[in-house]
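Reader: I am new to this structure and would like to find my way around it. Could you take me through some of its parts, one question at a time?

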Amino acid sequence: MSIATVPSYGLRHVSTTRPWLIKTLRFSSTPFASLASEQAEPNTMQSSNNVNKPTSNFPKRGQTVELVCESLAFKGKGLCKVADTGFVVMCDRALPGERFIGRVTRRKGSYAEVTKVETISPHWDLVDAPCEYASYCGGCKTQNLAYEAQLRAKEQQVRDLVIHVGKFSKSELESLEIMKPIVPCDIQFHYRNKMEFSFGPERWVPKELLAEKNEGDKIKNYALGLHAPGFFDKVLNVNKCLLQSEPANMVLVAIQDCWRDVDLGLSPYNVHSHKGFLKHLMLRTGRNLKTGLPELMVNFVTSSYKPELLMPLVERVSAIPEVFSVMNNVNTSVGNTSVGEEEYTLYGKPTITETLRGLTFQISANSFFQTNTRQAEVLYSLIEECAGLRGDGSEIVLDLFCGTGTIGLTLASRVKHVYGYEVVAQAISDAHLNAELNDIRNATFVQGDLNKIDASFGNNFPRPDIVISDPNRPGMHMKLIKFLLKLKVPRIVYVSCNPATCARDLDYLCHGVLYDLIKDVMQAEQNIKGCYKLKSLQPVDMFPHTPHIECVCLLELCDNPS
């Protein structure tokens, strides 16, 4: 197999004279295949040219084929195999045990993707989805799968990734009890404290509901809702979302009832023509510190600053008792981001509050905060347990990808000092405010890109006793992994929202990386040896009915690290 066709997750040894290719393979942030659970070990793949080769009767693009979904793979897609060939096929919204007709849409190397055309027999663990949009919205694809089955599927995905990508043996995970049972979420609906809806000039409807679309009334076809799966320019109109709080749904209904009124002169933004006023509606839910009741922020994202146009909507939503803040983020760029260049307070205060593990946090329109507050309490408790703090106030904690400082601040009372690093300036500003709000004086937060660290990184803080790393979906950059392998702190707590890149990084930290590189390519050593052992891996379900999985991993330094 040529180097160009070696999957990045199977890369253990590189020898090439093409430096650009090394960089691409080594630092690619693209999640490796969703087929990790089906892939063989790299040496097995390289020993045979017939692995995963389609036979002559492999269905071509546009062809239909009868399939049975065997399991859920990474990102929640159904994993199936073509009869008699063993060729792997992925299908969105196919669930375990479901027999269906699928149409091949494209082939991607060792597997193909199909679109479900017709269900012949339903999947195992079938339940009725309570949301009317569940069949069309991309937000929670597995509502019609029993929650216990969702948990089993997520736990199995993590196990497969750790074995096939992390290169930890199944016997090792079981005999040492490294892999823990997934922690369920006690509340499966109304758990999100933040939802973002988009405005669109024409509502998207599935084919079977096209008759309900009023082609003759342009304004009635305006949409406010969620993007149709796979489309940036198509919006499914939504009047209620079962993932957000009930007061947030009251706000959504209030806006849906009036924003199309022609007398208001409001227009949705068109991502193609770049014309229109209303871009997004963001709803955030916190808790009032005095009453413990919900406290809402309504944020209108617009293409220009015209507060007079928004005032009728502001008056409508501010009449809802739970609304404490109405903001206007102005984003004049053609991009469709919800973060504005300017921010204005239209009603109430510019922040809402929330409590987490005894601390108070001020949440602004664009600040990062754990989306599921209640389950974040569980997650942070697991992080503290893995950190194994002595509690004598003598330890130094290095909090990487610290965001608004929530993890580090919840540990600060039991350690000597917390040093947090984060690339987003607004997040660092919020971290400083949160430390001040809670009278925490032993926390330092620094803005910096952890993907671009150099040899001087580490000179500005004392040697830590514990490292907590909570990277975003691409995982950790190789520069940071090299730094940690040289630093050799006693314990690393790795918190991940992407089990794919988590498994890859655990492999590097525990087993090392082998590279034959030219001397002038990134000035890397030939061998980067792993020096950690994986002590525990705890999956946590933060977001029921979605494919997202959180993991908390404890790594301990080997007894005799080289």
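Reader: To begin, what is the order of the strands in the open sheet of seven strands?

Author: Happy to help, and please keep in mind that this is a predicted model. The pairing in this open sheet is mixed. From one strand to the next, the twist averages 15°. Read across the sheet, the order is β18-β17-β16-β19-β20-β24-β23.

Reader: Which strands stand at the edges of that sheet?

Author: A strand at an edge here has a single partner strand, so one side of it is left without a neighbour in the sheet. That applies to residues 443–447 and to residues 532–540. The edge strands are therefore β18 and β23.

Reader: In what sense do β23 and β24 pair, and over how many bridges?

Author: Strands of a sheet can pair either parallel or antiparallel, through backbone hydrogen bonds. Strand β24 covers residues 550–557, and its Glu556 stands opposite Lys533. The pairing of β23 and β24 is antiparallel, over eight bridges.

Reader: At about what angle does helix α9 run to β18?

Author: Helix α9 is formed by residues 425–437. This helix lies across two strands, β17 and β18. Its angle to β18 is about 165°.

Reader: Where does UniProt place the feature "binding site"?

Author: This comes from an unreviewed UniProt entry. Two of the listed residues sit in loops: Gln370 between β15 and α7, and Asp470 between β19 and α10. The full list in the record is Gln370, Phe401, Glu422 and Asp470.

Reader: Is Gln370 buried or exposed?

Author: A residue counts as buried when its relative accessible area is under 20%. For Gln370 that area is 8%. Beyond its neighbours within four places in sequence, Gln370 has contacts with Asn193, Ala376, Leu379, Tyr380 and Met542. With its 8%, Gln370 is therefore buried.

Reader: And Asp470, which residues is it in contact with, leaving aside its neighbours within four places in sequence?

Author: Asp470 is also buried, with a relative accessible area of 17%. Among its contacts is Phe401, a residue that the UniProt record places in the "binding site" feature as well. Set out in full, the contacts of Asp470 are Leu400, Phe401, Ile407, Val495 and Glu550.

Reader: Which residue does UniProt list for "active site"?

Author: The entry is unreviewed here too. The listed residue is found in the loop between β20 and α11, and counts as partly exposed because its relative accessibility is 23%. Not counting residues up to four places away in sequence, it touches Pro471, Asn472, Arg473, Ile549 and Glu550. The residue in the record is Cys497.

Reader: How many disulfides does the count come to?

Author: A disulfide is a covalent bond between the sulfur atoms of two cysteines, and the cut-off used is within 2.5 Å. For Cys91, the nearest cysteine sulfur is that of Cys80, 6.1 Å away. For Cys558, the nearest is that of Cys531, at 6.5 Å. The count comes to zero.

Reader: Is His545 buried or exposed?

Author: His545 is in the loop between β23 and β24. Its phi is positive, about 75°, although His545 is not a glycine. Because its relative accessibility is 4%, His545 counts as buried.

Reader: What does His274 count as at 38% relative accessibility?

Author: His274 also has a positive phi without being a glycine, in this case about 60°. The loop that holds His274 runs between α5 and β10. The range between under 20% and over 50% is called partly exposed. At 38%, His274 therefore counts as partly exposed.

Reader: Last one: which backbone nitrogen does the side chain of Asn249 reach?

Author: Asn249 lies in helix α5 and is buried, with a relative accessible area of 3%. Its side chain makes a polar contact with the side chain of Gln244 at 2.8 Å. The backbone nitrogen that the side chain of Asn249 reaches, at 2.9 Å, is that of Cys241.

Note on methods. Residues are numbered from 1 along each chain as its sequence is written. This is a predicted model: local features need pLDDT of at least 70, side-chain atom pairs count only at pLDDT 80 or more; totals for chains, interfaces and linings use all residues. Side-chain values use heavy atoms; hydrogens and water are left out. Two strands pair if DSSP finds at least two bridges between them. Helices (H or I, at least four residues) and strands (E, at least two) are DSSP runs, numbered from the N terminus. Axes are lines fitted to C-alpha atoms, for helices over the stretch in contact, and angles run from 0 to 180 degrees between N-to-C directions. Contact means heavy atoms within 4.5 Å. UniProt positions are given in the numbering used here, feature names are shortened, and annotations may be inferred rather than shown by experiment. Buried means under 20% relative accessible area, exposed over 50%, partly exposed in between (1.4 Å probe, protein chains only). A polar contact is a pair of N or O atoms within 3.5 Å; within protein, one must be able to donate a hydrogen and the other to accept it, and residues adjacent in sequence count only if both atoms are side-chain atoms.
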